[in-house]
Amino acid sequence: MKKLSLLLVSCAFALVGAGCTSSSSSSAESTGAGTTAADTTAAEDTTAGDDAEDTTAADDEADTSEASDDAAEGVMSYAEYAAADLDTEVTIEAYVQAKQSWWEDKATVYAQDEDGAYFLYNMACSQEDYEKLTQGTKIRVTGYKAEWSGEVEIIDATFEIIEGSYIAEAKDVTDLLASDELIDYQNQFVSFKGMTVEAAGQDEEGNDVAFLYSWDGSGQDGDDLYFNVSKDGETYTFTVESYLCDSTTDVYAAVKALEIGDVIDMEGFLYWYEGVNPHITSVTAAE
Amino acid sequence: MSSRGKSIKSCFLGVFFTAASLFLLTACHGSQEQNVFEPPEEFDTSENYEITFWAKNDTNKTHTAIYEQAIEDFQELYPNITVNLRLYTDYGKIYNDVITNISTNTTPNVCVTYPDHIATYLTGSNLVVPLDDLFTDEQYGLGGSEVRFDAPSLEEIIPKFLEECRIDGHYYALPYMRSTEACYINKTYVEALGYTLPETLTWDFIWEVSEAAMAQDEEGNFLINGQKVMIPFIYKSTDNMMIQMLKQLGAGYSTDSGEILLFNDTTKELLYTIAEHGATRAFSTFKISSYPANFLNAGQCIFAIDSTAGATWMGTDAPLSDISEDKIVEFETVVMPIPQFDADNPQMISQGPSVCIFNKEDSQEVLASWLFVQYLLTNDVQIAYSQTEGYVPVTTKAQESAEYQDYLARSGEDNSTYYEVKLQAAKLLLDNVDNTFVTPVFNGSASLRDAAGQLIENTVKSVRRNQTVDEDYMESLFQEVISLYRLDQMDTQGTGSGGKTDLGPLPRTSVILLCALAGAWVCILAYLMVQAVRKKRNAG
């Protein structure tokens, strides 16, 4: 009897276990279905009239080459993009230079070609495709030109990966910092040479500090870093954007180690927020 | 300096987590089930307790300093309690992190939150501590005999604010600060356009003045400011905009039980009006253009609607600014309640942080958390924090104190602590507490709120892109937003803790397995009964 009881009880527990597994699968399926629905919505939202299939990056070489063949059709040069009105639909081809963030099928990316740069904000992108967006990857992007606090960007965009690769050299814009010409290089990978670290603010004891967590020092380790650098008597605020370069990166550590008076070289992307606000990706002692 | 990236990102996080939480917290809550919290009879001062406090600091270092000071003062009173502060810059991120940490039992002890968020947390079993019994505990309750500081009594918490923290008949939070929205107005430009501000601002007035401000010269400069940029009307939180418009018109948004009424004809009519002014560029939003304060202070906006808790960024003499000094324009700033449809029956939203406590295995740890939460309602903390922005304290004890009354009386003495615009914003709420409302709270109400704003954002974007906004568009928009926020997957009758998501009928495999399970137990019981009968017979 004991054996039979044990067998029956074992069967019961096995069934319970199987039920839990099955239940988990159901949950996953439900979640997956929901995600797909949201994806479709996002795609429809971003490019009215476009086929949803166009929103996903090409999965195989055939698709990629086919995409490349008709590349010229409707694709703007950088000059045409720059001349386009805000809120108009734009299609460009450019090369990924850096990825800032991805969440819930939205990617924010710095892209550039030989003529100019683009900030692709919250572009529809699966996590799988995001992994494919390595530095230099060529993409064709369709979205809407927009401006937010001075930052010109492409929003509500979709993209596909196409053939080609290009990694931009940092353009030295140090001498352009005080000029109106600087904005022509917006979003480009740039460098700044021989700039002097100035006080960014004061600590609780009133001592000058070389950097702040968040813009006014209200943040904590892991938040954006703000620091001031000067050249020719003008002081500028630069940022280590924590989504672009988090607290584990060399540049984050380098900025935390800055001392007032240090003379440094920097590289980064020429972001704009109510004026120039470079997102710095590397800091080294001036050569 | 502020950054859009963080806040917009949180919006998407919110969409994801709210939807995900419907599954995680209901289907799988058993894995992190807590026991019901039972208040201990006495607080054990012989043991050390470490609690975590997740707070929002509005990217304002004074907020950070106040939290740090409060913790230091509290720890002096309770040397066996250590409070670890973790700061966030938006509520959405706190919400997302809490949900992420529920599955690993690593929620904070105390966190700043909104009731909408608590409603989602409540779908897990005993995750959030109901405070009803703690309120009235003679020793450790509000103003209790064993509390080592001058805490407010229950009666001293503004009833309307306290009521906002009641979900499904229980209090799950304490209000911490309260604010509403205000319209920050460039009065100089309004009058230059030939208008006089009415006693009560109306939507019609704002639309009319905004369109009048769009006149340009041949070179494209706006006549009112001589600049190339002018967005007369900018709204920061479009979810609030839609919610308040609907409330003022008596139109549907949701029922108390969680039935969604947002997608109605009045909503469409409102969107048509918004589309009209979005198309002329007389109206825009934070998400589309930027912070209203930046445009207002640069003389590029006339009506900037933002929280009263954003008052220190508003006006020519604002103590905080994201734009360079050379861009700031001189003008007279007036602070008024948000525009109304019915001037005789003004209605505006009540918002602002509340504080909730997460349940833990050790009831002493929970009690330590409760003591800290009470400390946040003391006059020292309440008054100091309220002075950082256009917040108001949530207790009559603080509001009626000589210190706070003195603060209010000194409006305009300087452009920092007594900055006039900030004090006008605080007084606006103090004068209108009875005109405030909150939206029903239920599991999914946070998503519904996001959806309300998304309708406006999408409509304005569409007209800026010269897309046709007509009935077909509206139908499509409604479906799109319902799908995006998964509103069609919500249990519309579910409320608060009782509201479990309807996951639909059980899958066929589950039904078969459950039947098999039941069958197995029937066999076991039948076998045991047969054996028992045989044994009895044999014994007989």
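**Two domains and a five-stranded barrel**

In this predicted model, the centres of domain 1 of chain A and domain 2 of chain A, taken over C-alpha atoms, are separated by 24 Å. Domain 1 covers residues 77-165 of chain A, while domain 2 covers residues 171-285. Where the two domains touch, the contact draws 14 residues from domain 1 of chain A and 14 residues from domain 2 of chain A.

On the side of domain 1 that touches domain 2, at least two residues each are supplied by β1 (89-103), β2 (106-112), β3 (117-124) and β5 of chain A. Of the contributions to this side of domain 1, the one from β1(A) is the greatest, with 4 residues. Sorted by class, the side of domain 1 of chain A that faces this contact with domain 2 has 6 nonpolar residues, 7 polar residues and 1 charged residue.

The strands named above also belong to a barrel, and it helps to turn to that next. In chain A, 5 strands close into this barrel in the order β1-β2-β3-β5-β4, and their pairing is mixed. Neighbouring strands of this sheet are turned against each other by 50 degrees on average, with direction ignored.

In general, strands of a sheet pair through backbone hydrogen bonds, in either a parallel or an antiparallel manner. One pair can be followed in detail: strand β4 (residues 137-148) and strand β5 (residues 151-165) of chain A pair in the antiparallel sense over 11 bridges. Within chain A, the residue A:T137 stands opposite A:S165, which lies in β5(A).

Methods. Residues are numbered from 1 along each chain as its sequence is written. Chains are lettered from A and ligands numbered from 1 in the order in which they are written. This is a predicted model: local features need pLDDT of at least 70, side-chain atom pairs count only at pLDDT 80 or more; totals for chains, interfaces and linings use all residues. Two strands pair if DSSP finds at least two bridges between them. Axes are lines fitted to C-alpha atoms, for helices over the stretch in contact, and angles run from 0 to 180 degrees between N-to-C directions. Domain bounds come from an automatic or database domain assignment. Two residues are in contact if their C-beta atoms, placed from the backbone, lie within 7 Å. Ala, Val, Leu, Ile, Met, Phe, Trp, Tyr, Cys and Pro count as nonpolar, Asp, Glu, Lys and Arg as charged, and the others, Gly among them, as polar.
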